[in-house]
Amino acid sequence: MTGSPPLPADLSRLRVIATYLQLELERVHRRIAEAEQREREAIRQATARPLPPPAWTMQMNVSADPRPVAVHHGQCTVGKPRIRPITRRAAVEALTAGAEACVLCRPDRELQID
């Protein structure tokens, strides 16, 4: 081929070059596989629907004894990061047991708890 560097004529050096090129080609194939994996992951994340927020959350006390402090609507941001999702029934039970209703989102109104 014209333009390519000349190759040696002896077999041992040709085998060394072949081995080197084979190792480099394997490295390129690994990089291609990694790039394809990243691309698949990016597509998966772009097409994945986010989970809906929970309907109700419970704000927990920050002390060593994590007790329920307040009940919130699932989209309320008050009390984060000390909140955890709960069911409607658990929200009603917590409010009737003395946990406070959030003064901003007022879950007690929707749950009809006085």
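These are my notebook entries on helix α2, the salt bridges, two unusual backbone angles and a surface patch in a predicted model.

**Entry 1: helix α2**

I began with α2, which spans residues 88-96, and looked up which of its residues are buried; they are Ala91, Ala94 and Leu95. Looking down the axis of α2, I found that these buried residues fall within an arc of 95°, so they line one face of the helix. On the face turned away from that buried side I noted the exposed residues Arg89 and Thr96.

I then asked what covers the buried residues of α2. The cover includes the strands β1 (56-60), β2 (68-73), β3 (83-86) and β4 (100-101), and also helix α3 (107-110). Going on along the chain, I saw that α2 is followed by Gly98, and that the phi of this glycine is positive, near 115°.

**Entry 2: salt bridges within helices**

The structure holds 6 salt bridges, and I looked up several of them in turn.

In α2, the side chains of Arg89 and Glu93 meet in a salt bridge, at 3.1 Å from N to O. The two residues are 4 apart in this helix, which is about one turn. Arg89, already noted on the face turned away from the buried side, has a relative accessibility of 64% and counts as exposed, while Glu93 is partly exposed, with a relative accessible area of 44%.

Helix α1, which covers residues 11-47, holds both Glu41 and Arg44, placed 3 residues apart, about one turn of the helix. Their side chains also meet in a salt bridge, and here the N to O distance is 2.5 Å. I recorded Glu41 as partly exposed at 27% relative accessible area, and Arg44 also as partly exposed, at 46%.

**Entry 3: Arg106 and its partner**

Arg106 drew my attention for its backbone, since its phi is positive, about 50°, although the residue is not a glycine. Where does Arg106 lie? I found Arg106 in the loop between β4 and α3, and its relative accessibility of 29% makes it partly exposed.

The side chain of Arg106 takes part in a salt bridge with Asp108, and the closest N and O atoms of the pair are 2.8 Å apart. Is Asp108 buried or exposed? Asp108 counts as buried, because its relative accessibility is 13% and the cut-off for buried is under 20%. I therefore wrote this pair down as a bridge between a partly exposed arginine and a buried aspartate.

**Entry 4: Gln112**

A positive phi turned up again at Gln112, which is not a glycine either; the value is about 60°. Gln112 lies in the segment after α3, and with 69% relative accessibility it counts as exposed. For my own record, then, Arg106 is partly exposed, whereas Gln112 is exposed.

**Entry 5: a nonpolar patch**

Lastly I looked for nonpolar side chains at the surface, and noted that Leu25, Val28 and Ile32 form a patch there, with about 250 Å² of accessible area together. I followed up one of these residues, Leu25, and placed it in helix α1, the helix that also holds the Glu41 and Arg44 pair. Leu25 has a relative accessibility of 48%, so it counts as partly exposed.

How values were computed. Residues are numbered from 1 along each chain as its sequence is written. This is a predicted model: local features need pLDDT of at least 70, side-chain atom pairs count only at pLDDT 80 or more; totals for chains, interfaces and linings use all residues. Side-chain values use heavy atoms; hydrogens and water are left out. Buried means under 20% relative accessible area, exposed over 50%, partly exposed in between (1.4 Å probe, protein chains only). The arc is that of the directions from the helix axis to the C-beta atoms. Contact means heavy atoms within 4.5 Å. A salt bridge is a side-chain nitrogen of Lys or Arg within 4 Å of a carboxyl oxygen of Asp or Glu. Patches are made of residues with over 30% relative accessible area and no salt bridge: like charges are joined within 9 Å, nonpolar side chains (Val, Leu, Ile, Met, Phe, Trp, Tyr) within 5 Å. Accessible areas come from the Shrake-Rupley method with a 1.4 Å probe; for residues, only the protein chains shown count as cover.
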